[in-house]
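Please work through the exercises below with the sequence and the coordinates side by side. Each one sets a task and is followed by a solution in steps.

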Amino acid sequence: MRRRTLALIVGLAGAAAATAIPGAAAGEHVPAPRSFVAAHAGKAPTVRIKNLKYLPDQVTIRRGTAVRWQWLDAPADSHTVTSIRHRGHGLRFPGHPDAQWTGTYSYAFRRAGTYYYMCTVHDFMHGKVVVR
Ligand SMILES: [Cu+2]
């Protein structure tokens, strides 16, 4: 709880800095789109794990495409990518159930469907992969 509060304060400080600096200098703080569609099968989108969020929290890809998660919340917060079912729906994938604060994880989704995941350290962090 304490770490979460600290991260929130840091996040707010970052947001304040972003409003103080106009234009491209604030580019780092522009929110990522909530979803995007990978243009080509085989092009692996990256989900950045930063500021207690999956960015973006939803990706739509074609079958056979890998999604790459990149941990960028060091050293404040560690996170998992834990496959879950949402209200009885969704397919499972191995994910990365071990919490870490740096590194990457990639998985190629071969079966069409919807895959839900969450962070078991922060139960408000949720993400989704839609495979077409
Ligand atoms: Cu987390």
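The exercises that follow go from confidence to the sheet, then to single residues and unusual backbone geometry.

This is a predicted model, in which local features need pLDDT of at least 70, side-chain atom pairs count only at pLDDT 80 or more, and totals for chains, interfaces and linings use all residues. Residues are numbered from 1 along each chain as its sequence is written.

**Exercise 1. Decide which part of the chain should not be read in detail.**

Begin with pLDDT, the predictor's confidence in each residue, from 0 to 100. Its mean over the chain is 79, and 68% of the residues reach 70 or more. Next, look at residues 1–41, where pLDDT stays under 50 and for which the model has 34 contacts beyond four places in sequence; two residues are in contact if their C-beta atoms, placed from the backbone, lie within 7 Å. Where pLDDT is low, the predicted coordinates should not be read in detail.

**Exercise 2. Set out the order of the strands in the open sheet and explain why its edge strands each have a side without a neighbour.**

Strands here are DSSP runs (E, at least two residues; helices would be H or I, at least four), numbered from the N terminus, and two strands pair if DSSP finds at least two bridges between them. Reading across the open sheet, the 4 strands come in the order β3-β2-β5-β8, with mixed pairing. At the edges stand β3 (53–55) and β8 (103–109), and because each has a single partner strand, one side of each is left without a neighbour in the sheet. Now take the pair formed by β5 (residues 65–71) and β8, which run antiparallel and are joined by 7 bridges. Within this pair, Trp69 has Tyr105 of β8 as its bridge partner.

**Exercise 3. Classify Thr80 and Lys53 as buried or exposed, and describe their surroundings.**

The cut-offs come from counting other C-beta atoms, placed from the backbone, within 10 Å of a residue's own: 20 or more is buried, 12 or fewer is exposed, and in between is partly exposed. Thr80, found in strand β6 (residues 79–84), has 22 such atoms and is therefore buried. Leaving aside neighbours within four places in sequence, Thr80 is in contact with several residues, including His96, Pro97, Cys119 and Thr120. The C-alpha atoms of Thr80 and Thr120 are 6.2 Å apart in space, although the two residues are 40 apart in sequence. Lys53 belongs to strand β3, and its 21 C-beta neighbours inside 10 Å make it count as buried. From Lys53 to Asp73 the C-alpha to C-alpha distance is 9.4 Å, across 20 residues of sequence.

**Exercise 4. Locate the cis peptide bonds from Leu55 to Pro56 and from Ala74 to Pro75, and the positive phi values of Leu52 and Arg87.**

As a reference, most residues other than glycine have a negative phi, and most peptide bonds are trans. The bond from Leu55 to Pro56 is cis, with omega near -5 degrees, and Pro56 sits in the loop between β3 and β4 (58–61). The bond from Ala74 to Pro75 is cis, with omega near -5 degrees, and Pro75 is placed in the loop between β5 and β6.

Turning to phi, Leu52 has a value near 60 degrees and lies in the loop between β2 (46–50) and β3; with 19 other C-beta atoms within 10 Å, Leu52 is partly exposed. Arg87, in the loop between β6 and β7 (96–100), has a positive phi of about 50 degrees; with 6 other C-beta atoms within 10 Å, Arg87 is exposed.
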